[in-house]
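Me: I'm new to this one and would like to learn how to read it. Could you walk me through it, one feature at a time?

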Amino acid sequence: EILVLGFRLYTNLDIKDRKWKLKTYKMCFLGNECVDWLVENGLAMTRNQGIESGIQLIRNDIICHVSREHDFEDTPYFYKFINPSIKF
């Protein structure tokens, strides 16, 4: 079930190269946009449930923070999928 959720997010989120402090992070998405998508598509009833889904995705090694400094948060932090071509 968590892999299915990961796949749905992977195919629907705005995944692209993003810059922060002169560094480019390849193929990543924003935590708050992930929560937006989960709530808008009925996969989370509340933003807190969306955060919990993000935490589960991290714990199951489906996504991670780009520098592995943060757990999943409803903020514009950058997250990336871990080996999506293998997992999906």
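Reply: Let's begin with strands. Two strands count as paired if DSSP finds at least two bridges between them. Keep in mind that this is a predicted model.

Me: Okay, so which residue in β4 is the bridge partner of L30?
Reply: That's F78. β2 and β4 run antiparallel and are joined by 2 bridges.

Me: What holds strands together in general?
Reply: Strands of a sheet pair through backbone hydrogen bonds, and they can do so in a parallel or an antiparallel way.

Me: And in what order do the strands of this sheet come?
Reply: The order is β1-β2-β4-β3, an open sheet of 4 strands with antiparallel pairing. At the edges sit β1 (16–20) and β3 (63–65), each of which pairs on one side only. From one strand to the next, the twist averages 55°.

Me: How many bridges do β3 and β4 share?
Reply: There are 3, again in the antiparallel sense. Look at H65 to find one of the matches: its bridge partner in β4 is Y79.

Me: Does anything lie against the sheet, and what should I look at there?
Reply: Look for a helix packed on it. Here α2 does that, touching β1, β2 (23–30) and β4. The direction of α2 makes about 15° with that of β2.

Me: Now the other end of the sheet. How many bridges join β1 to β2?
Reply: 4 bridges, with the two strands running antiparallel. K19 stands opposite T24 in β2. The two strands make a hairpin with 2 residues between them, and K21 takes a positive phi near 50° in that hairpin.

Me: Let's go inside. How do I read a nonpolar core?
Reply: Ask which residues make the most contacts within it. The largest core here has 19 residues, and L9, F29, I63 and F72 have the most contacts inside it. The elements giving two or more residues to this core are α1 (2–12), α2 (31–40), α3 (47–59) and β4 (78–81).

Me: Pick one of those residues for me. What does L9 touch?
Reply: Setting aside its neighbours within four places in sequence, L9 is in contact with C34, W37, L38, L57 and F81.

Me: What about a second core: which residues does it include?
Reply: Y25, C28, V66 and F78 are among its 5 residues, and this core is separate.

Me: I also see rings. How many aromatic pairs does a search of the whole structure find?
Reply: It finds 8. To read a pair, check the distance between ring centres and the angle between planes. Y10 and F88, for instance, are 5.5 Å apart centre to centre with 35° between the planes, a tilted pair.

Me: Why is that pair worth tracing along the sequence?
Reply: Y10 lies in helix α1 and F88 in the segment after α4 (84–87), so the pair ties together parts that are 78 residues apart in sequence. Y10 is partly exposed at 30% relative accessible area, and F88 is partly exposed too, at 29%.

Me: Can I try the rings of F72 and Y79: why is that pair tilted?
Reply: Their centres are 4.9 Å apart and their planes are at 40°, so the pair counts as tilted. As for burial, F72 is buried with a relative accessible area of 3%, and Y79 is buried at 0%.

Me: Which residues form the aromatic cluster?
Reply: F7, Y10, F29, F72, Y79, F81 and F88 form one cluster.

Definitions and conventions: Residues numbered from 1 in each chain as written. Predicted model: local features only at pLDDT ≥ 70, side-chain atom pairs only at ≥ 80, totals over all residues. Heavy atoms only, no water. Core = buried A, V, L, I, M, F, W, Y, C linked by side-chain atoms within 4.5 Å. Buried < 20%, exposed > 50% of the residue type's maximum accessible area, 1.4 Å probe, protein only. Contact = heavy atoms within 4.5 Å. Axes fitted to C-alpha atoms, helices over the stretch in contact; angles between N-to-C directions. Phe/Tyr/Trp six-rings, centres within 6.5 Å; stacked < 30°, edge-to-face > 60°.
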